[in-house]
Amino acid sequence: DGVCNLCDSTVNFFMDHDADAKLRFCSLQSKTAESLLLQTGAGESEIKITLVTSPTQAFVGSDAVSRICQQLDDGLLQLVGHVGRVTPSFLRESLYHVVSRNRHRFGVNDQCRLDFDGTFERRFVSDPPE
C-alpha cells in the first residue's frame, strides 16, 4: 500500500534484511499490482493484500508474508516464515486480515523512504510506460 505507514515500514524492514536484494516491491495502487492481483484472481477489491509471485506461483495474505520471511537474511526471521507455513491457515489468515483491515490506524503517509545512493531503485517494480 503506497500510503500506509505500516506497509511502508514493513517494506523498509524487508529491504534492510534482504542484503542480496532478492525481493522486489510495488505499490498496491500501481498498474503492476493491479495486473498481478487480477492474474491471481484476487481482483481490485483485495487492495489490502500482500502478494508474492515467483515465475510459477503466486502467494497472497499470510502465505505471502511467510514466503517473504523465509527469503530474509536473519535466521530467526526465516524460522518465523517456516513456522508461519506450518501454522493452520485459518489462524494465520485471521490474524493477517485483522492487521490488514486496521493498517491505516498506524497512520498514512504520502512520502516513501529516500534513496540517497540509488541502491533501492532496482528493488521497486515500475508500471510499464503507457
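## Arginine 67 in helix α3

R67 lies in helix α3. With a relative accessible area of 24%, this arginine is partly exposed, because the partly exposed class begins where the buried class, under 20%, ends. The model described here is predicted.

Leaving out residues up to four places away in sequence, R67 touches F59 and R85. Its C-alpha atom is separated by 8.2 Å from that of H82, and the two residues are 15 apart along the chain.

## Overall organisation and confidence

The chain contains 5 helices and 2 strands. Read from the N terminus, these elements follow the order α-α-β-β-α-α-α. The chain has 130 residues, of which 29% count as buried. Among contacts in the chain with a separation of 6 or more, 59% are between residues 24 or more positions apart.

Mean pLDDT for the chain is 80, and 82% of the residues reach 70 or more. Of the elements, helix α4 (residues 75-86) has the highest mean pLDDT, 95, whereas strand β1 (residues 51-53) has the lowest, 70. Where pLDDT is low, the predicted coordinates should not be read in detail.

## The nonpolar core

The largest nonpolar core comprises 11 residues: F14, M15, L23, F25, V52, F59, A64, I68, L72, L77 and F120. The elements that supply two or more residues to this core are α1 (5-16) and α3 (61-71). In soluble globular proteins, nonpolar side chains tend to be buried together.

F59, one of the core residues, is also a residue that R67 touches.

## The loop between α1 and α2

Two residues of the loop between α1 and α2 are described here. L23, which belongs to the largest nonpolar core, is located in this loop. Its relative accessibility is 12%, so L23 counts as buried. Not counting residues up to four places away in sequence, L23 touches F14, D18, I68, Q71, L72 and R123. Of these partners, F14, I68 and L72 are themselves listed in the core. L23 and R123 are 100 residues apart in sequence, yet their C-alpha atoms are 6.8 Å apart in space.

A21 also has its place in the loop between α1 and α2. Phi of A21 is near 55 degrees, which is a positive value in a residue other than glycine. At 5% relative accessibility, A21 counts as buried.

## The two sides of helix α2

Helix α2 spans residues 31-40, and T32, A33 and L37 within it are buried. Viewed down the axis of α2, the buried residues fall within an arc of 130 degrees, so they line one face of the helix. L38 and Q39 are exposed on the other side of α2.

The residue that follows α2 is G41, which has a positive phi near 85 degrees.

## Packing of α3 against α5

Helix α5 (residues 89-101) packs with α3 at an angle of about 95 degrees, and the two axes are 8 Å apart. That angle makes α3 roughly perpendicular to α5, because angles of 65 to 115 degrees are assigned to that class. On the α3 side, G61, S62, D63 and V65 take part in the contact; on the α5 side, the residues met are R92, E93 and Y96.

V65, found in helix α3, has a relative accessible area of 28% and is therefore partly exposed. The C-alpha atoms of V65 and G81 are separated by 7.4 Å, the two residues being 16 apart along the chain.

## Arginine 92 in helix α5

R92 is situated in helix α5. Is R92 buried or exposed? At 14% relative accessibility, R92 counts as buried. Apart from neighbours within four places in sequence, R92 is in contact with S62, D63, G84, R85 and T87. Among these, S62 and D63 are α3 residues of the α3 and α5 packing, and R85 is also touched by R67.

R92 and S66 are 26 residues apart in sequence and 9.7 Å apart in space, from C-alpha to C-alpha.

Notes: Residues are numbered from 1 along each chain as its sequence is written. Side-chain values use heavy atoms; hydrogens and water are left out. A nonpolar core is a set of buried Ala, Val, Leu, Ile, Met, Phe, Trp, Tyr and Cys residues joined through side-chain atoms within 4.5 Å. Buried means under 20% relative accessible area, exposed over 50%, partly exposed in between (1.4 Å probe, protein chains only). Helices (H or I, at least four residues) and strands (E, at least two) are DSSP runs, numbered from the N terminus. pLDDT is the predictor's confidence in each residue, from 0 to 100. The arc is that of the directions from the helix axis to the C-beta atoms. Axes are lines fitted to C-alpha atoms, for helices over the stretch in contact, and angles run from 0 to 180 degrees between N-to-C directions. Angles under 35 degrees count as roughly parallel, over 145 as roughly antiparallel, 65 to 115 as roughly perpendicular and the rest as oblique. Contact means heavy atoms within 4.5 Å.
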